[in-house]
Amino acid sequence: MGITPASDPRPGPGTAYARQAIEALVAGLDGAEVDLDHAGFYARLAQVVAVAGSMKRTIIFLYDEVTRRVQVAGAYGIELAQFSGLPISLELAPDATRALVEDRVIEVRPPQVHQIPPDFTELVGDHPLIYVPIAAAGRWPGVMIAEPAPDAGPLDEERRDMLWTLGKTLALASTARRATYWGERARELEERIDLARDIHDQVVQRLFGVSMALSPAGSLDDAARQRCADEVGTALEELRAAVQRPLGRAARPTGTTLAAELERLRGMSAGVTVSVDGELPPVPESLEPLVQSVLSEAVRNAQKHAQAGAVVVRALRVDNTFILEVENDGVREGGATANTPGMGLKLAALEALHAGGLLEFGRRRGDRWQIRLAVPVGEP
């Protein structure tokens with residue numbers, strides 16, 4: 001069964017605006033090393049739609065399958081607190097329902113009357129509103145209501161197509177985020193079950209044997225007492241090993257070396273000079289993934305969050321400690337890394353802890369930013 005080719009392979013206006021909508025959404029979420037919570041994630045999406053669609057403010061409403069209620073997930077240009085306690089449902093918003101049922105973008109402009117609950121009248125005001133369905137594959141995750149910018153005229157077909165495509169993409173983003181959330185919960189539950197099983201099969205069973213040995217009346221001979229002490233000691237070691245399990249995933253093997261990764265970064269870091277200060281000491285094979293992960297994160301941060309012109313890498317071996325320092329210039333006032341570390345740095349710090357090491361990062365003299373990894377060589 002073949003595929004019939006389109007009569008005209010060239011992309012039409014709809015395709016161009018669909019591509020523009022998707023690229024705008026990806027660009028808005030790119031670099032979200034910032035650890036966004038639920039409201040922050042959807043506030044970022046609302047901001048992307050506002051910028052791409054020339055909107056003054058946007059509000060994303062989503063249906064929560066747990067509470068079976070429609071909730072305000074995120075907003076741009078308006079505070080979420082204004083919707084606290086207000087009843088929200090499709091029955092109270094016929095225009096939103098029509099947008100979902102007909103799967104199209106609906107614009108209501110005065111003198112048309114907004115069909116909304118009285119509680120929302122003050123929030124809506126006397127200006128146009130645009131209803132964008134967040135729907136795909138027969139599912140209705142939610143709807144977005146947007147107020148156009150004051151200088152924006154009525155929707156033409158191009159802007160309408162872009163908003164419709166953004167709604168489809170928002171549905172995909174919402175579904176993917178929900179799937180990721182439940183996947184993480186499933187992994188956490190699996191880890192807890194594995195921990196409980198190991199403690200039961202090893203520690204509890206061993207201590208049960210000790211309790212059986214101590215239960216008969218009378219004193220124990222030296223051999224039995226020593227055996228009980230050995231069993232308790234082994235149980236403590238097993239319990240200590242269980243509670244000291246890594247809190248997350250370790251860095252994945254890369255199949256390359258720090259020196260080779262530095263050469264690769266030199267050739268790929270356009271506009272940023274990556275140099276090595278001094279000689280590179282040998283990196284233990286077990287530490288290569290962690291060291292390369294920290295290096296990549298440092299270079300990526302310098303490119304994204306600073307106007308960096310140079311990145312300097314230093315590596316040294318002090319006694320039984322391997323140290324990697326990555327420093328860049330061009331730190332911007334109030335930049336993303338200036339106040340709160342992003343998700344990438346948090347994960348790298350966690351990986352360092354798993355290896356028994358420490359990751360430090362922060363602003364240094366002038367416009368410098370430094371990331372410093374110190375990790376013991378050998379067993380942590």
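# Structural report: salt bridges, surface patches and backbone

Arginine 206 is partly exposed, with a relative accessible area of 24%; on this scale buried means under 20%, exposed over 50% and partly exposed in between, with a 1.4 Å probe and protein chains only. The structure is a predicted model, in which local features need pLDDT of at least 70 and side-chain atom pairs pLDDT 80 or more, while totals for chains, interfaces and linings use all residues. Residues are numbered from 1 along each chain as its sequence is written, and side-chain values use heavy atoms, without hydrogens and water.

## Overall architecture

The secondary structure of the protein consists of 10 helices and 10 strands; both are DSSP runs numbered from the N terminus, helices being H or I of at least four residues and strands E of at least two. Of the 380 residues in the protein, 36% are classed as buried. Contacts (heavy atoms within 4.5 Å) frequently bridge long stretches of sequence: among those between residues at least 6 apart, 63% join residues at least 24 apart. The protein has an accessible surface of about 22,000 Å², and carbon and sulfur atoms account for 55% of that surface. Accessible areas follow the Shrake-Rupley method with a 1.4 Å probe, and for residues only the protein chains shown count as cover.

## Salt bridges

Side chains of opposite charge can pair when their charged atoms come close. The whole structure contains 17 salt bridges, each a side-chain nitrogen of Lys or Arg within 4 Å of a carboxyl oxygen of Asp or Glu. 

In one of these pairs, glutamate 238 meets arginine 206, with 2.9 Å between the closest N and O atoms. The two residues come from distant parts of the chain: glutamate 238 belongs to helix α6 and arginine 206 to helix α5, at a separation of 32 residues. Unlike arginine 206, which is partly exposed, glutamate 238 counts as buried at 18% relative accessibility.

Aspartate 103 and lysine 168 also form a salt bridge, with an N to O distance of 3.0 Å. This pair spans 65 residues, from the loop between α3 (94–102) and β3 (106–108), where aspartate 103 is found, to lysine 168 in helix α5. Lysine 168 is partly exposed, with a relative accessible area of 22%, and aspartate 103 is likewise partly exposed, at 28%.

A further bridge joins arginine 314 to glutamate 327, the closest N and O atoms being 3.5 Å apart. Here the residues lie 13 apart along the chain, arginine 314 in strand β7 (residues 310–318) and glutamate 327 in strand β8 (residues 321–328). Glutamate 327 is buried, at 4% relative accessibility. Both residues of this pair belong to a network of salt bridges that also takes in Asp277, Glu325, Glu360, Arg368 and Arg372.

## The surroundings of glutamine 370

Glutamine 370 is part of strand β10 (residues 369–376) and is buried, its relative accessibility being 9%. Leaving aside residues up to four places away in sequence, glutamine 370 touches Arg314, Glu325, Val326, Glu327, Glu360, Phe361, Gly362 and Arg364. Among these neighbours, Arg314, Glu325, Glu327 and Glu360 are members of the salt-bridge network. The C-alpha atom of glutamine 370 stands 9.8 Å from that of valine 313, a residue 57 places away along the chain.

## Surface patches

Patches comprise residues with over 30% relative accessible area and no salt bridge; like charges are joined within 9 Å and nonpolar side chains (Val, Leu, Ile, Met, Phe, Trp, Tyr) within 5 Å. Asp156, Glu157, Glu158 and Asp161 make up a negative patch on the surface. Lys and Arg count as positive and Asp and Glu as negative, leaving out His and the chain ends, and a charge is placed at NZ of Lys, CZ of Arg, CG of Asp or CD of Glu. Glutamate 158 of this patch lies in helix α5 (residues 157–214).

A nonpolar surface patch consists of Leu207, Val232 and Leu236, which together have about 230 Å² of accessible area. Its member valine 232 sits in helix α6 (residues 222–243).

The table sets out the accessibility of residues from the patches and from the backbone section below.

| Residue | Relative accessible area | Class |
|---|---|---|
| Glutamate 158 | 36% | partly exposed |
| Valine 232 | 31% | partly exposed |
| Aspartate 319 | 68% | exposed |

## Backbone

Most residues other than glycine have a negative phi, and most peptide bonds are trans. Aspartate 103 has a positive phi of about 50 degrees although it is not a glycine. Aspartate 319 also has a positive phi, near 55 degrees, and occupies the loop between β7 and β8. The loop of aspartate 103, by comparison, runs between α3 and β3.
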